[in-house]
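This report describes the fold, the strand pairing and the nonpolar cores of one protein chain. The sequence and the structure are shown first.

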Amino acid sequence: MNILFTRVYQQKNKQIPSLTLQEKFSELRAIFRLIMFPFGIMLLVIYVIGSSGWLIPYEFPYFKTSEIVPITIPIYMVFNYLLSISLPTLLGLNNYNRATKILANTILPILESEFENREPLIRIWTFKNEIGLKSVNMAFFMEVLGIASKIAEKKETIHFGVLRNHIYLIEPLIKTIEENIRQKGQADINEIATETHSNPKILRLACIKLKKRKILKNVTITPKRIKTINQNQKSNNP
């Protein structure tokens with residue numbers, strides 16, 4: 001069984017680079033489903049062995065049921081079933097992670113071109129449809145986006161993050177906030193949301209996230225506004 005799954009995963013991984021973007025996402029979903037097969041068998045076996053008392057005499061033919069130490073059964077299940085069936089599952093997870101990285105690297109150039117001159121907040125569903133991936137599963141697309149954002153950060157190409165069902169572009173967002181603070185002394189979240197056709201709640205959450213990451217510095221964020229923290233305010237704080 002392990003040999004069979006090893007060959008299937010290897011074959012699927014070899015095919016991925018030569019596929020179209022749409023086909024790559026389909027293949028990613030196929031790999032995920034393949035992982036769930038041995039994992040499902042593993043859980044089923046554990047459930048049957050653990051809940052069916054009539055199987056115990058067959059599993060331990062040299063002992064009476066009353067003589068079996070209770071801890072023996074789960075230990076036996078782990079070594080005889082869990083490890084043998086979890087191996088292809090772990091192998092599948094490794095290949096799934098490799099497949100998501102291949103997809104993330106493939107989609108990065110598309111993101112770089114598509115993110116140019118965009119608003120700071122982009123709705124993922126709309127963006128996915130715009131780049132011709134309407135039929136791609138949303139959960140897989142968001143996972144690939146998350147990995148792509150980490151790769152982009154290391155490569156220092158485009159800086160973006162994924163928040164709920166939105167993509168936030170870091171540089172345009174910071175630029176918009178700083179421009180508003182420079183002109184008005186503070187940035188009104190609702191005004192920025194209206195200007196950029198964004199959801200104010202998501203916009204505020206993105207700003208909070210950037211502040212936690214210390215990308216957005218020396219500001220305080222209220223439910224409606226973003227204000228700078230001057231040196232006098234800092235020194236007055238205990």
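Among the contacts in the protein with a separation of 6 or more, 63% are between residues 24 or more positions apart. The model is predicted. It holds ten helices and six strands. The protein has 238 residues, of which 37% are buried. About 14,500 Å² is exposed, and carbon and sulfur atoms supply 57% of that area.

**Strand pairing**

Strand β3 pairs with both β1 and β2. The pairings are set out below.

| Strand pair | Sense | Bridges |
|---|---|---|
| β1 (residues 121-123) and β3 | antiparallel | three |
| β2 (residues 160-163) and β3 | antiparallel | four |

His166 of β3 takes part on both sides: it is the bridge partner of Arg123, and it stands opposite Leu163. The hairpin of β2 and β3 has two residues between the strands, and Arg164 there adopts a positive phi near 55°.

Along β3 (residues 166-169), the side chains alternate in direction: His166 and Tyr168 point one way, whereas Ile167 and Leu169 point the other way. All four of these residues are buried.

**Nonpolar cores**

The largest nonpolar core comprises 30 residues. Those with the most contacts inside this core are Phe25, Leu111, Phe115, Phe141, Phe160 and Ile167. Two or more residues each are given to this core by the helices α2 (21-51), α4 (72-114), α5 (124-130) and α6 (138-155), and by the strands β2 and β3.

Phe25 illustrates how this core is connected. Beyond its neighbours within four places in sequence, Phe25 is in contact with Leu103, Ile107, Leu133, Val136, Phe140, Phe141 and Val144. A second core, separate from the one that contains Phe25, has 21 residues, including Leu163, Val219, Ile221 and Ile226. Leu163 thus combines membership of this second core with a position opposite His166 in β3.

**The loop residue Thr196**

Thr196 lies in the loop between α8 (189-195) and α9 (200-212). Is this loop residue buried or exposed? Thr196 counts as buried because its relative accessible area is 6%, and the cut-off for burial is under 20%. The side chain of Thr196 reaches the backbone oxygen of Ile192 at 2.7 Å. When neighbours within four places in sequence are set aside, Thr196 is in contact with Glu119 and Pro120.

Note on methods
Residues numbered from 1 in each chain as written. Predicted model: local features only at pLDDT ≥ 70, side-chain atom pairs only at ≥ 80, totals over all residues. Heavy atoms only, no water. Buried < 20%, exposed > 50% of the residue type's maximum accessible area, 1.4 Å probe, protein only. Contact = heavy atoms within 4.5 Å. Areas by Shrake-Rupley, 256 points an atom, 1.4 Å probe, with all protein chains shown as cover. Polar contact = N/O pair within 3.5 Å; in protein donor to acceptor, adjacent residues only side chain to side chain. Pairing = 2+ DSSP bridges. Core = buried A, V, L, I, M, F, W, Y, C linked by side-chain atoms within 4.5 Å.
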